Amino acid sequence: MNTHTLKEWIVAVRPWSFPASTMPVAVTLAYLYWAGHEINWLNGVWALLNIIVFHAAGNTWSDYFDYERSVDRKDTYGVRTLTDGMFNPQEILRLSLSLLVVAVAGGVCLLLRTGLPLLYIGIGGAACTLLYPTLKYRALGDVVIFMAYALLPMLGTAYVATGTVDWSTMWAGVPVGLITVAILHANNTRDIRTDVRANINTLAMTIGVQASVVVYCLEITVPFVWIAYGQAATYVQPSPRHIVRFSRSAVMKKLCFTLVVAAVLWAVMFSPQTMPLINFWEMMAGSALTLAVLACLFDRSWLKESVWNPQSLLLG
């Protein structure tokens, strides 16, 4: 029986991908805090930790089936826990099932603390995890990722944190989901050659390389435009009907500025001179920082309204 170091077990679950699953929970909690909801922080942090365990289970589950289906081989990109012989398939499968049991147990405990709506959201999340390999091979992986790492966790986090299913979080779910799907789409575009050999089908394979690059650019740009438009257009006047007044000139100026910023990011990401030097997660962190700066530039009133305490600083 092979013995493995702690480092090897950590590598097996791919922790560098966890920002993709923590992002929807963190964004939802920040949104609810901004909106003035009374938040159960214990449940919120619980949801954050639980989705990380679900993500780890999903990573190893996908790795197992990709190896068994010969999607992952020695010449493919990505983690090499199976292709290089670090683990055998049964070890990865047992690890995945163990993590899934822990995640389900955590979800059940959270369900007992909250209510029945979480059960339906949890079933949807578990189904996305278990069915992802099968659906990914049929060009539906992008849809599953959008559901599993945007819509479902944001609805679930809103429910466990406030006790109500807040559908307004879906407005924030669009940019969060598109950024996460962009990660998968970029990987699938890179892997078109090896995926053809494995006789599977992905969205990138279906639409081709050139169209895939366009789709990726849209998935990266639309979140910037979405947030810029929301910042420009969402000025709610205190009235019985909460009428939203739109400033067309403000919207256009901020959309144009956002497109310029996105164009600069495109140039950095796709330039032959800079692309080999770019670390993906550094680029994601830089994009998030850029979005935060844009939000501050677009609406400076937050400076006057913010309460500078440790909780507000942690939530941005």
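Helix 2 and helix 6 are oblique to each other, a class left for angles outside those that count as roughly parallel (under 35 degrees), roughly antiparallel (over 145) or roughly perpendicular (65 to 115). The axes of helix 2 (residues 19-34) and helix 6 (residues 141-162) come within 9 Å and cross at roughly 45 degrees. Axes here are lines fitted to C-alpha atoms, for helices over the stretch in contact, and angles run from 0 to 180 degrees between N-to-C directions. The crossing of helix 2 with helix 6 is right-handed, that is, the near helix is turned clockwise from the far one by less than a right angle.

This is a predicted model, in which local features need pLDDT of at least 70 and side-chain atom pairs count only at pLDDT 80 or more, while totals for chains, interfaces and linings use all residues. Residues are numbered from 1 along each chain as its sequence is written, and side-chain values use heavy atoms, with hydrogens and water left out.

On the side of helix 2, the contact (heavy atoms within 4.5 Å) with helix 6 involves Ala20, Ser21, Pro24, Val25, Val27, Thr28, Leu29 and Leu32. Helix 6 contributes Tyr149, Ala150, Pro153, Met154, Thr157, Ala158, Ala161 and Thr162. Of the residues in this contact, 12 are nonpolar, 4 are polar and none is charged. In this scheme Ala, Val, Leu, Ile, Met, Phe, Trp, Tyr, Cys and Pro count as nonpolar, Asp, Glu, Lys and Arg as charged, and the others, Gly among them, as polar.

A second helix pair is formed by helix 4 (residues 89-113) and helix 5, which pack at an angle of about 170 degrees with their axes 10 Å apart. Helix 4 is therefore roughly antiparallel to helix 5. Leu100, Gly107, Leu110 and Leu111 of helix 4 meet Leu118, Leu119 and Leu130 of helix 5. This contact comprises 6 nonpolar residues, 1 polar residue and no charged ones.

**Selected buried residues**

Buried denotes under 20% relative accessible area, exposed over 50%, and partly exposed the range in between (1.4 Å probe, protein chains only).

| Residue | Relative accessible area |
|---|---|
| Thr129 | 14% |
| Met170 | 17% |
| Ile200 | 8% |

Thr129 lies in helix 5 (residues 117-136). Not counting residues up to four places away in sequence, Thr129 touches Phe54, Gly58 and Trp61.

Met170 belongs to helix 7 (residues 170-190). With neighbours within four places in sequence left aside, Met170 is in contact with Leu151, Met154 and Leu155. Met154 also takes part in the contact of helix 6 with helix 2. The C-alpha atoms of Met170 and Thr28 are 9.3 Å from each other, although 142 residues separate them along the chain.

Ile200 is placed in the loop between helix 8 (192-197) and helix 9 (203-207). Outside its neighbours within four places in sequence, Ile200 contacts Arg69, Val71, Tyr137, Asp195 and Met205. The C-alpha atoms of Ile200 and Arg69 are separated by 9.1 Å, and these residues are 131 apart along the chain.

**The chain as a whole**

The protein chain contains 14 helices and 2 strands, taken as DSSP runs (helices H or I, at least four residues; strands E, at least two) numbered from the N terminus. Buried residues account for 42% of its 316 residues. Among contacts between residues at least 6 apart in sequence, 71% join residues at least 24 apart. The accessible surface of the protein chain is about 17,300 Å², with 69% belonging to carbon and sulfur atoms; accessible areas come from the Shrake-Rupley method with a 1.4 Å probe.
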